[in-house]
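Colleague: I'd like to go through the ligand site and a few charged pairs. Can we take them one by one?

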Amino acid sequence: MPSLSEETGDRKTMLMPGDTIGIVGGGQLGRMMALSARYMGFKVGVLDPTPNCPTAQVADFQVTAEYDDVTAIRELAVRSDVLTYEFENVNADAIDEVRGLAAAPQGTDLLRVTQDRVNEKQFINDHGTPTAPWKAVNNFEELDAALDDIHYPAVLKTRSGGYDGHGQTVLRSDADLEKIRARSDRGGGFPPSILEGFVDFAFEASILVCGNGKDYVTFPIVRNEHRNNILHMTIAPAEVSEHVAREAHELAIRLAKGFELAGTLAIELFITPDDRVIVNELAPRPHNSGHYTIEACSFDQFDAHIRGIAGWPLSQPKLLSPAVMVNVLGQHVEPTRALIGEHPEWNVHDYGKAEVRHDRKMGHITVLTDDTARTVAELEATGCWDDLKEA
Ligand code: AMP
């Protein structure tokens with residue numbers, strides 16, 4: 001067991017093969033973290049309520065309990081040398097409580113900032129980085145006042161708990177505002193929220209930054225296509241000007257330094273028609289838009305995450321080939337499986353989820369290519385993703 005600092009409970013030495021990494025959350029991100037950890041020789045434990053969850057299938061042990069079960073987090077900590085997590089809505093107090101038992105190299109500030117959209121936007125702006133204009137709003141009076149500044153169109157988002165577009169509403173006119181009032185009158189209440197100006201972006205992008213608490217490296221900026229608020233496709237690298245690529249890299253390094261980042265942080269971006277780079281939100285973990293790195297980079301976002309929390313050195317990842325990554329949601333499982341035999345170029349990933357549901361992320365496919373536009377067209381021409389075609 002690596003020695004822990006008496007003061008902070010954090011690890012003082014590097015993790016070594018044979019040590020145990022405990023992951024809170026057992027979905028596909030935990031699974032891919034675990035696969036990276038295992039080939040480096042680490043043992044892996046996972047906390048998740050679903051027996052034989054995607055991560056447990058490739059881990060050494062599972063603590064089967066809810067994510068916020070403090071006793072279970074303690075058990076995971078007792079059996080692990082370091083703790084990490086695959087999603088941001090982890091009980092930060094519970095992680096702090098067990099930091100004498102296992103190290104938590106990512107710390108909990110990163111969690112507390114990214115769990116709350118107001119803290120997150122403030123942190124981003126405090127580090128010299130632009131976001132959409134925003135205001136915290138807790139009731140209709142504050143919303144009216146904020147709209148006077150921000151104007152329509154605007155986006156109202158709950159401060160916490162939102163993902164993939166859940167908990168957010170676009171306000172284009174007073175009529176939309178009335179709908180929110182009616183919803184609130186019907187008993188929905190007014191959750192603590194944030195009002196953001198609507199960004200008229202040319203496209204959405206993201207960049208991953210990874211750290212070990214001292215050194216930070218970035219992956220290339222990629223372009224993301226969403227359908228129904230869920231990531232559909234990632235094109236790596238994004239075709240952007242040198243200016244945009246540099247801005248994205250520099251802001252990623254600034255934010256990583258601000259967090260003294262250990263592990264992987266994903267930064268979702270809007271790129272405007274006049275080449276401004278605006279941060280939408282942060283995810284303190286590997287990200288769906290970084291799955292292409294598994295095949296396309298000299299080491300991937302999960303390797304970098306594990307190396308970072310293990311205190312290992314990081315080198316600048318190299319993009320070995322352009323790539324296109326497409327998600328396989330529940331409704332795409334059958335059509336894509338039917339075509340596996342015809343597509344030797346498909347790198348097929350399946351997350352081992354027992355239950356197939358519409359819109360549930362079940363796997364993804366990555367294609368390495370020297371012509372991303374052609375590959376996008378070929379993927380779309382299979383018809384597997386026709387349900388997502390824009391009307
Ligand atoms: P989020 O949950 O914040 O990632 O938002 C989900 C999606 O909603 C984003 O990927 C964008 O497509 C869209 N969106 C969110 N915020 C804004 C905004 N301020 N302006 C325009 N589109 C937005």
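Modeller: Yes, bearing in mind that this is a predicted model. Start with the strands: β6 (154–158), β8 (193–197), β13 (262–271) and β14 (277–283) each give at least two residues to the shell around the ligand.

Colleague: How many of the shell residues around the ligand are charged?

Modeller: The shell around the ligand has 17 residues. Five are nonpolar and six are polar. The charged residues number six.

Colleague: What share of the ligand's accessible area does the protein cover?

Modeller: Polar atoms of the protein come close to the ligand. A side-chain atom of Lys157 is 2.8 Å from a ligand oxygen, and one of Glu204 is 2.6 Å from a ligand oxygen. On its own the ligand has 470 Å² of accessible area, and the protein covers 92%.

Colleague: How far apart in sequence are the parts that Arg285 and Glu88 tie together?

Modeller: These two form a salt bridge, with the closest N and O atoms 2.7 Å apart. Both Arg285 and Glu88 are buried. Arg285 sits in the loop between β14 and α9 (293–296), and Glu88 in the loop between β4 (82–85) and α3 (92–97), so the pair joins parts separated in sequence by 197 residues.

Colleague: Is Arg117 buried or exposed?

Modeller: Arg117 meets Glu281 in a salt bridge, 2.9 Å from N to O. Arg117 lies in helix α5 (residues 117–126), Glu281 in strand β14. The cut-off for buried is under 20% relative accessible area. At 7% relative accessibility, Arg117 is buried.

Conventions:
Residues numbered from 1 in each chain as written. Predicted model: local features only at pLDDT ≥ 70, side-chain atom pairs only at ≥ 80, totals over all residues. Heavy atoms only, no water. Near = heavy atom within 4 Å. Polar contact = N/O pair within 3.5 Å; in protein donor to acceptor, adjacent residues only side chain to side chain. Areas by Shrake-Rupley, 256 points an atom, 1.4 Å probe, with all protein chains shown as cover. Helix = DSSP H or I, 4+ residues; strand = E, 2+ residues; numbered from the N terminus. Nonpolar A, V, L, I, M, F, W, Y, C, P; charged D, E, K, R; others polar. Salt bridge = Lys/Arg side-chain N within 4 Å of Asp/Glu carboxyl O. Buried < 20%, exposed > 50% of the residue type's maximum accessible area, 1.4 Å probe, protein only.
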